[in-house]
Amino acid sequence: MPREKARSWTDHLLWHHACHTVDLFQYQAGETANVVQAVQGPRHPTLGIAMDMGILLKVPSGAILTLSLSFNNDGPIGSFFRYIGDNGTYQAYYDDLADGKKNPIDLSKVDVSMDGIELEDREFLAAIKEKREPNSSLAQVLPCMRVLGQAEKLIDPNRECVM
């Protein structure tokens, strides 16, 4: 059960939780979504935010993203992702990855660490040292923010969005 206190964008289904998946989808597709659909469930009476949301995206090459989000979770807190593609199904939960039949996939040799924060820090420090734009710079996440702004207009047409 979610805490009964006001939330901010840092714990918002669209601007925080969906943001990661939308950004990853567009990054992997190498394209920005040109079709955006979004719906949200009723707002929580105390918190004032939607507790459920659905987002559909399509990029020009035809790849689609179907994203379902909910704070109405009866189980452990955490994010579970199922990636379904034309060459396999993958299930991710924190640092664990399995195929569609729940067979674990060894990720120990993928990078120097499995700690996302450490890897992000390493990338930013390397970019500074090499005098280059870091992967996931502000400029690179702006397309994601624009798509989220389009989604917000669909789910909350009275809200003014500046993106």
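**Two sheets, three helices and a few salt bridges**

Strand S2 has two quite distinct faces: Met53, Ile55 and Leu57 point to one side and are buried, while the side chains that alternate with them, Asp52, Gly54, Leu56 and Lys58, point to the other side and are not buried. This comes from a predicted model, and everything below should be read with that in mind.

S2 sits in the middle of an open sheet of three strands, ordered S1-S2-S3 and paired in the antiparallel sense. The edges are taken by S1 (35-40) and S3 (64-70), each of which pairs on one side only. From one strand to the next, the twist averages 10°. Helix H1, residues 13-29, packs on this sheet and touches S2 and S3, with its direction at about 155° to that of S3. In general, the strands of a sheet are held by backbone hydrogen bonds, whether they run parallel or antiparallel.

On one side of S2 (residues 52-58), six antiparallel bridges link the strand to S1. Two positions show the register: alanine 38 stands opposite isoleucine 55 of S2, and glutamine 37 faces leucine 56 of S2. The isoleucine in the first of these pairs belongs to the buried face of S2, whereas the leucine in the second points to the other face. The S2 to S3 pairing, also antiparallel, is made of seven bridges, and here glycine 54 stands opposite serine 68 of S3. S2 and S3 form a hairpin with five residues between them, and glycine 62 in that turn has a positive phi of about 110°.

A second helix to look at around this sheet is H3 (residues 138-155), which lies across S1 and S2 and runs at about 45° to S1. H3 counts 18 residues and reaches 25 Å from its first C-alpha to its last, close to the 26 Å expected at 1.5 Å a residue. Its buried residues are Val141, Cys144, Met145, Val147, Leu148, Gly149, Ala151, Glu152 and Ile155. That set takes in a glutamate, Glu152, alongside residues such as Val141 and Leu148. The cover over the buried part of H3 includes H1, S1 and S2. As a general point, an α-helix has 3.6 residues a turn, so residues three or four places apart point the same way.

The other sheet is again open and three-stranded, with the order S4-S5-S6 and antiparallel pairing. S4 and S6 (96-99) are its edge strands, each pairing on one side only. Here the twist averages 20° from one strand to the next. Strand S4 (residues 80-85) and strand S5 (residues 88-93) run antiparallel and are joined by six bridges. The connection between S4 and S5 is a hairpin of two residues, and glycine 85 stands opposite glycine 88 of S5. S5 then pairs with S6 through four bridges, once more antiparallel; one such pair puts glutamine 91 with alanine 98 of S6.

Helix H2 (residues 116-130) is a simple check on helix geometry. With 15 residues at 1.5 Å each, H2 should span 21 Å, and its end C-alpha atoms are indeed 21 Å apart, so the two figures agree. Just after H2, lysine 131 takes a positive phi of about 55°.

The end of H2 is also where charged side chains come together. The structure holds four salt bridges, and two of them involve arginine 132. Arginine 132 meets glutamate 123 at 2.7 Å, N to O, and also bridges to glutamate 130, where the closest N and O atoms are 2.6 Å apart. Through these shared partners, Glu123, Glu130 and Arg132 form one network. Both arginine 132, at 33% relative accessible area, and glutamate 123, at 21% relative accessibility, count as partly exposed.

Another of the salt bridges reaches between distant stretches of the chain. Aspartate 156 and arginine 43 meet through their side chains at 3.1 Å, N to O. Because aspartate 156 lies in the segment after H3 and arginine 43 in the loop between S1 and S2, this pair ties together parts that are 113 residues apart in sequence. Arginine 43 is partly exposed, at 41% relative accessibility.

Technical notes:
Residues are numbered from 1 along each chain as its sequence is written. This is a predicted model: local features need pLDDT of at least 70, side-chain atom pairs count only at pLDDT 80 or more; totals for chains, interfaces and linings use all residues. Side-chain values use heavy atoms; hydrogens and water are left out. Two strands pair if DSSP finds at least two bridges between them. Axes are lines fitted to C-alpha atoms, for helices over the stretch in contact, and angles run from 0 to 180 degrees between N-to-C directions. Contact means heavy atoms within 4.5 Å. Buried means under 20% relative accessible area, exposed over 50%, partly exposed in between (1.4 Å probe, protein chains only). The expected span of a helix is 1.5 Å times one less than its number of residues.
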